[in-house]
Amino acid sequence: MYAFTYHRPKSVADAVALQGRFEDPKLLGGGQTLLPTLKQRLARPSDLIDLGQIPELQGIREEAGGLTVGAFTRHAQVAHSDVVQRVIPALASLAEGIGDRQVRNMGTLGGSICNADPSADYPAAVVALKATVRTDRREIAGDDFFTGMFETALEPGEIVTAVHFQTPDKAAYAKFRNPASRYAIVGVFVAVFGSEVRVAVTGAGPSVFRADDMEATLAQDFRADALNGASVSADGLNADIHASADYRAHLVRVMARRAVEACG
Amino acid sequence: MPCTVSMTVNGKAVSREVEERTLLVTFLRDQLGLTGTHVGCDTSQCGACVVHIDGRSVKSCTMLAAQADGAAVTTIEGLAAADGTLHPMQAAFREHHGLQCGFCTPGMVMSAVDLVTANPSPSEHEVREGLEGNICRCTGYHNIVKAVMAGAEAMQGGTLKAAAE
């Protein structure tokens, strides 16, 4: 790890101000991706700004037709929250499936979505649950937040403070996980809001996307078997040692079927 | 640039000057001499470095010492009683031979204690899932799971089950 200067601000305003003062600062959430990256010398920030001691980034609240989860809420806190389990159980279950127990005890919601790993779980929930990402300066619709592989709509220096998830009528997340890393090779989050069905796919492409054809099909006929004829094009999907693009396209349908079944 | 970190480690307040990039595991091993916490993969996968921060199990190779400033840290050295009586989970690992080479054992025990504290009567499946973040390169999982099941019962106040053989 290259040397850096470490800061631990006590408020979002201080964190924003600190960022402006340095040449190449990086924000530190739970560190479960950033610290391994630094250890491999793949990044060389001048300053690390630890967001772990900022009360306004913490906590889970039920409000306005959904849940607001502070950016520094750890995966284990989401998974074990009584409120999340009651209001959006699929979100609690998604959080419980991230990484391993120790990673869940450190990793944060904000860290996960800002990193925008194509295989991360949370992006599927942000898109499927019609979330709004709140930052220090504005609100960004979940549909607009993820712009590419490891890329988001955030401006330089912008800090995510919370994510507001809308409560669906029913929802479920199914993932085919990499058995070693537990990242999603393909993960599909299905959410139903009245007559609207949203199907968000992570792991398969460079960034989370919605499976439009499946959404239209399920809006007409919300059964797993309705997806038998549906397919996702393998064009542009990820291919690596774990799964080819064709296999990922296949998995999207299988995981979508499982998620629909789990919706009950 | 050096910074001062202060925390409670195994019940004792400690304060040291460290480089800001110092990992918690390096701090524990090199500065405090607590070498029971092991470095296995150094890539947050194997779990040999698991310690407790305010009661939660974390991988100390993937945390800065500075992030633990102000926290209560427990390492494997802090589990046994002051008179040397083993923690029930440690005793269970010994009784059920939940180790082969022993390198992963400190992390396994720390993860197991956290797991059982959260879920006092885990099923075998829950134990196996709960230990996902710990790798035993000897593949000695079978006895580790038996040990955790017995340790869980003993932590509930039961007597430690003797090993079958």
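Domain bounds here come from an automatic or database domain assignment. In this predicted model, that assignment divides chain B into domain 1, covering residues 2–77, and domain 2, covering residues 88–155. The centres of these two domains of chain B, taken over C-alpha atoms, lie 21 Å apart. Their contact draws 17 residues from domain 1 of chain B and 13 residues from domain 2 of chain B.

A good place to begin is the meeting of these two domains. Between domain 1 and domain 2 of chain B, about 1,200 Å² of area is buried, and carbon and sulfur atoms give 60% of it. On the domain 1 side, the residues that lose the most area to domain 2 of chain B are B:His38, B:His52 and B:Ile76, which together make up 40% of what that side buries. Salt bridges number 0 across this interface of domain 1 and domain 2 of chain B, whereas 7 residue pairs, both members at pLDDT 80 or more, are in polar contact between the two domains. Two elements of chain B, strand E3 (50–53) and strand E4 (56–59), give two or more residues each to the side of domain 1 that touches domain 2. Of the elements on that side, E4(B) gives the most, with 3 residues. Sorted by class, the side of domain 1 of chain B that touches domain 2 of chain B holds 5 nonpolar, 10 polar and 2 charged residues.

The view now widens to the interface between the chains. Chain B and chain A each bring 26 residues to their contact. About 2,200 Å² is buried between chain B and chain A, with carbon and sulfur atoms giving 49% of that area. Within chain B, B:Arg21, B:Gln67 and B:Glu132 lose the most area to chain A, and together they account for 28% of what the chain B side buries.

Charged and polar pairs also link the two chains. Between chain B and chain A, 6 salt bridges are counted. A salt bridge joins the side chains of B:Asp69 and A:Arg8, at 3.6 Å from N to O. Polar contacts across the interface of chain B and chain A come to 16 residue pairs, both residues at pLDDT 80 or more. Strand E4 reappears here: E4 and helix H3 (105–118) of chain B each supply at least two residues of the side that touches chain A. By class, this side of chain B has 10 nonpolar, 8 polar and 8 charged residues.

Chain A has its own domain layout. The assignment gives domain 1 (5–50), domain 2 (55–166) and domain 3 (170–263) of chain A. Over C-alpha atoms, 34 Å separate the centres of domain 1 and domain 3 of chain A.

One residue of chain A offers a closer look. A:Arg44 sits in the loop between helix H2 (34–39) and strand E3 (47–50) of chain A. With a relative accessible area of 57%, A:Arg44 is classed as exposed, because the cut-off for that class is over 50%. Leaving aside residues up to four places away in sequence, A:Arg44 touches A:Tyr2 and A:Asp24. A:Val190 is 146 residues from A:Arg44 in sequence, and their C-alpha atoms are 38 Å apart in space.

Notes: Residues are numbered from 1 along each chain as its sequence is written. Chains are lettered from A and ligands numbered from 1 in the order in which they are written. This is a predicted model: local features need pLDDT of at least 70, side-chain atom pairs count only at pLDDT 80 or more; totals for chains, interfaces and linings use all residues. Side-chain values use heavy atoms; hydrogens and water are left out. Contact means heavy atoms within 4.5 Å. Buried area is the accessible area (1.4 Å probe) that two parts lose on being put together, summed over both. A salt bridge is a side-chain nitrogen of Lys or Arg within 4 Å of a carboxyl oxygen of Asp or Glu. A polar contact is a pair of N or O atoms within 3.5 Å; within protein, one must be able to donate a hydrogen and the other to accept it, and residues adjacent in sequence count only if both atoms are side-chain atoms. Helices (H or I, at least four residues) and strands (E, at least two) are DSSP runs, numbered from the N terminus. Ala, Val, Leu, Ile, Met, Phe, Trp, Tyr, Cys and Pro count as nonpolar, Asp, Glu, Lys and Arg as charged, and the others, Gly among them, as polar. Buried means under 20% relative accessible area, exposed over 50%, partly exposed in between (1.4 Å probe, protein chains only).
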